[in-house]
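Reader: I am new to this structure, so please take a close look at one single part of it and walk me through that part slowly. I would like one connected answer.

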Amino acid sequence: MEIKATLKKPYTDEARIEFIVENNHNNGWEIKETDTELQALGYSDIEVLRNSKLAELLALKNSKLLEFSYADKVFQIDTESKLNISGKVSEIMLKTQLSQEIDNINWIAKDNTIKAFSKDEFLAFATAVATHTEMILFKHDQLRTAVNNATSIDEIKAIAWVD
């Protein structure tokens, strides 16, 4: 944070209130009192842009982790869906180990149509979901690190999520 405005001591109560209203209530800046002045502390332009870019990247990551296109269908892959996928993979593994028959696996796509998978097709789907998730998480981490390490506004503006 940087000093955006100051009010030197001595000041009147009216000047103090006016300073606080203008800088804290209107501008959202933090007010700090020192021995010699009131200070209004706010984020620098680069900090504002950095926070905005980080929020943008987080929103992109979160949206990309909600659905996944596979075999000409879009599937939900939110946390609960991934838990269901993992459960089905566990069931497949257990049935395989116990030499039990595995019928086709029906999975509901985002548009509520049913996609039938063989055992191997479903395992490939589950692996693709895991790979997609990992790719998104690593991409987000890479871009987040680049934003945090950027030293100029132009550097931050140049950072973009490219699929």
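**A helix and its charged partners**

Author: Asp163, with a relative accessible area of 78%, is exposed, since the cut-off for that word is over 50%; this, like everything that follows, is read from a predicted model. The side chain of Asp163 meets that of Lys64 in a salt bridge, with 2.9 Å from N to O. This pair joins distant parts of the chain, as Lys64 lies in helix H2 whereas Asp163 lies in the segment after helix H5 (153–158), 99 residues apart. Unlike its exposed partner, Lys64 is buried, at a relative accessible area of 19%.

Lys64 also leads to the packing of its helix, for it is one of the H2 residues that make the contact with helix H4, as are Lys53, Leu54 and Leu57, among others. Helix H2 (residues 45–64) and helix H4 (residues 119–149) pack with their axes 10 Å apart and at an angle of about 180°, and the two helices are therefore roughly antiparallel to each other. On the H4 side the contact includes Ile136, Leu137, Leu143 and Val147, together with His132 and His140. Taken by kind, the residues of this contact are seven nonpolar, three polar and five charged.

Lys53, which belongs to that contact too, forms a salt bridge with Glu56, where the closest N and O atoms are 3.9 Å apart. These two residues stand three apart in helix H2, which means that about one helical turn separates them. Here Lys53 counts as buried, at 9% relative accessibility, while Glu56, at 40%, counts as partly exposed.

Technical notes. Residues numbered from 1 in each chain as written. Predicted model: local features only at pLDDT ≥ 70, side-chain atom pairs only at ≥ 80, totals over all residues. Heavy atoms only, no water. Axes fitted to C-alpha atoms, helices over the stretch in contact; angles between N-to-C directions. Helix = DSSP H or I, 4+ residues; strand = E, 2+ residues; numbered from the N terminus. Parallel < 35°, antiparallel > 145°, perpendicular 65-115°, else oblique. Contact = heavy atoms within 4.5 Å. Nonpolar A, V, L, I, M, F, W, Y, C, P; charged D, E, K, R; others polar. Salt bridge = Lys/Arg side-chain N within 4 Å of Asp/Glu carboxyl O. Buried < 20%, exposed > 50% of the residue type's maximum accessible area, 1.4 Å probe, protein only.
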